[in-house]
Amino acid sequence: MKLLFCFHCEDVRKLGFKETYCSCRRTHGKYIDTNNAEYSGEGCLIGLGNRTLARAVVRHKQDGGNHAIDAFTIPRRAPTVVRKETQ
Ligand SMILES: [Zn+2]
């Protein structure tokens, strides 16, 4: 799962197929297919490990506890990301 993070307002928004904007509107992006995304502005994309997220949610539903999820910044030049220059 890819999330949009804005360096200015520090919003985190889940990307969808419709253009998603942070609250200050300086950063925006969307999925262009099921794996690839494009974004622009003054921010970055954050990846959540889908398997660790699913496992943590299942365990949390069972015990309400604290379960780790893998999260990472996605490199600007990752093959699944197109970074568009802001106009
Ligand atoms: Zn913002």
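In β6, leucine 45 is the bridge partner of leucine 4. I start with that pair, and I should say at once that what you are looking at is a predicted model.

Leucine 4 has a second partner, arginine 13, in β2. The strand pairings around it are as follows. β1, residues 2–6, and β6, residues 43–48, run antiparallel and are joined by five bridges. Another bridge in that pairing sets phenylalanine 5 against cysteine 44 in β6. With β2, strand β1 also pairs in the antiparallel sense, here over three bridges. The hairpin of β1 and β2 has five residues between the strands, and glutamate 10 in that hairpin has a positive phi near 60 degrees.

Now the sheet as a whole. Its four strands come in the order β2-β1-β6-β7, the pairing is antiparallel, and the sheet is open. β2 and β7, the latter being residues 71–74, are the edge strands, each pairing on one side only. On average, neighbouring strands here are turned by 35 degrees against each other, ignoring direction. At the β7 end, β6 and β7 pair antiparallel over four bridges, and one position to look at is glycine 47, which stands opposite phenylalanine 72 in β7.

Next, the two faces of β1. Which residues of β1 make up the covered face, and which the uncovered one? Lys2, Leu4 and Cys6 are on the covered face, while Leu3 and Phe5 are on the uncovered one.

That leads to the core. In soluble globular proteins, nonpolar side chains tend to be buried together. In this model, the largest nonpolar core consists of seven residues, namely Leu4, Cys6, Leu15, Cys22, Ala37, Tyr39 and Leu45. Strands β1 and β5 each contribute at least two residues to this core. So both residues of the opening pair, leucine 4 and leucine 45, are core members. Leucine 15 is another, and leaving out residues up to four places away in sequence, leucine 15 touches Lys2, Leu3, Leu4, Thr20, Gly29, Lys30, Tyr31 and Ala37.

On to the other sheet. This one is also open, with four strands in the order β3-β4-β5-β8, but its pairing is mixed. Strands β3 and β8, residues 81–84 for β8, stand at the edges with a single partner strand each, so each has one side without a neighbour in the sheet. Inside the sheet, β4, residues 27–31, runs antiparallel to β5, residues 37–41, and five bridges join the two. Threonine 27 stands opposite glycine 41 in β5.

A residue outside the strands is worth a look here. Phenylalanine 17 lies in the loop between β2, residues 12–14, and β3, residues 20–21. Is phenylalanine 17 buried or exposed? It counts as exposed, because phenylalanine 17 has 11 C-beta neighbours inside 10 Å, and the cut-off for exposed is 12 or fewer. Phenylalanine 17 does have contacts further along the chain: not counting residues up to four places away in sequence, it touches Lys30 and Tyr31. The C-alpha atoms of phenylalanine 17 and lysine 30 are 5.3 Å apart, although 13 residues separate the two along the chain.

Then the helix. α1 covers residues 50–63, which is 14 residues, and its first and last C-alpha atoms are 20 Å apart, close to the 20 Å expected at 1.5 Å a residue. How many of the 14 residues of α1 are buried? The count is zero, and α1 is hardly covered. After α1 comes glycine 64, with a positive phi near 65 degrees.

Last, the overall figures. The protein has one helix and eight strands, and along the sequence they follow the pattern β-β-β-β-β-β-α-β-β. Of its 87 residues, 15% count as buried. The C-alpha trace spans about 50 × 25 × 20 Å along its principal axes. Among contacts with a separation of 6 or more, 37% are between residues 24 or more positions apart.

To go back to where I began: leucine 4 of β1 has arginine 13 as its bridge partner in β2 and leucine 45 as its bridge partner in β6. That is what I have.

How values were computed:
Residues are numbered from 1 along each chain as its sequence is written. This is a predicted model: local features need pLDDT of at least 70, side-chain atom pairs count only at pLDDT 80 or more; totals for chains, interfaces and linings use all residues. A residue is buried if 20 or more other C-beta atoms lie within 10 Å of its own, exposed if 12 or fewer, and partly exposed in between; C-beta atoms are placed from the backbone. Two residues are in contact if their C-beta atoms, placed from the backbone, lie within 7 Å. Two strands pair if DSSP finds at least two bridges between them. Axes are lines fitted to C-alpha atoms, for helices over the stretch in contact, and angles run from 0 to 180 degrees between N-to-C directions. A nonpolar core is a set of buried Ala, Val, Leu, Ile, Met, Phe, Trp, Tyr and Cys residues joined through C-beta atoms within 7 Å. The expected span of a helix is 1.5 Å times one less than its number of residues.
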